[in-house]
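Visitor: I would like to learn how to read a few features of a model, one after another. Could we begin with a single residue and then widen the view?

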Amino acid sequence: ASAGRDDSNQQEVDINDAYVRYQAKDAAYFVTLGQHKTPNGLEQLASSPNLTFLERSQASGAFLDRRTAGGDRKFGLSY
């Protein structure tokens, strides 16, 4: 959320999660709309001690890092 702004005076407020989730009656899926954590894979969601390998993969670091417009929380629609 703070990747594209200058908050040098520490006066700005960030909203991490603000979303609406809908699940139809007797449905196994749900739709989420708003600012929420993006589901990008198990490797990103797991903490470092619980990884299968010693390091995260390059694909996870290159495309899912918040500094490269991925990961963390974004505004969007998830199914």
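Guide: Let us start with Ile15, which is found in the segment before strand 1, where helices (H or I, at least four residues) and strands (E, at least two) are DSSP runs, numbered from the N terminus. This is a predicted model, in which local features need pLDDT of at least 70 and side-chain atom pairs count only at pLDDT 80 or more, while totals for chains, interfaces and linings use all residues. Residues are numbered from 1 along each chain as its sequence is written, and side-chain values use heavy atoms, with hydrogens and water left out.

Visitor: Is Ile15 buried or exposed?

Guide: Buried means under 20% relative accessible area, exposed over 50%, and partly exposed in between (1.4 Å probe, protein chains only). Ile15 has 59% relative accessibility and therefore counts as exposed. Its C-alpha atom is separated by 9.6 Å from that of His36, 21 residues apart along the chain.

Visitor: How should one read an aromatic pair, and how many are there by this rule?

Guide: A pair of aromatic rings is described by the distance of the centres and the angle of the planes. Rings of Phe, Tyr and Trp (its six-membered ring) pair if their centres lie within 6.5 Å; planes under 30 degrees apart count as stacked, over 60 as edge-to-face and the rest as tilted. By this rule the count is one aromatic pair. Tyr29 and Tyr79 form this tilted pair, at 5.1 Å centre to centre and with 45° between the planes. Because Tyr29 lies in the loop between strand 1 (18–22) and strand 2 (31–37), and Tyr79 in the segment after strand 3, the pair ties together parts that are 50 residues apart in sequence. Tyr29 counts as partly exposed because its relative accessibility is 41%, whereas Tyr79, at 72%, counts as exposed.

Visitor: Which elements have the lowest and the highest mean pLDDT?

Guide: The term pLDDT is the predictor's confidence in each residue, from 0 to 100. The protein chain averages 75, and 73% of the residues score at least 70. Among its elements, helix 2 (residues 58–63) has the lowest mean, 70, and strand 1 the highest, 93.

Visitor: What pattern does the protein chain follow along the sequence?

Guide: The protein chain has two helices and three strands, and read along the sequence they follow the pattern β-β-α-α-β. Of its 79 residues, 15% count as buried.
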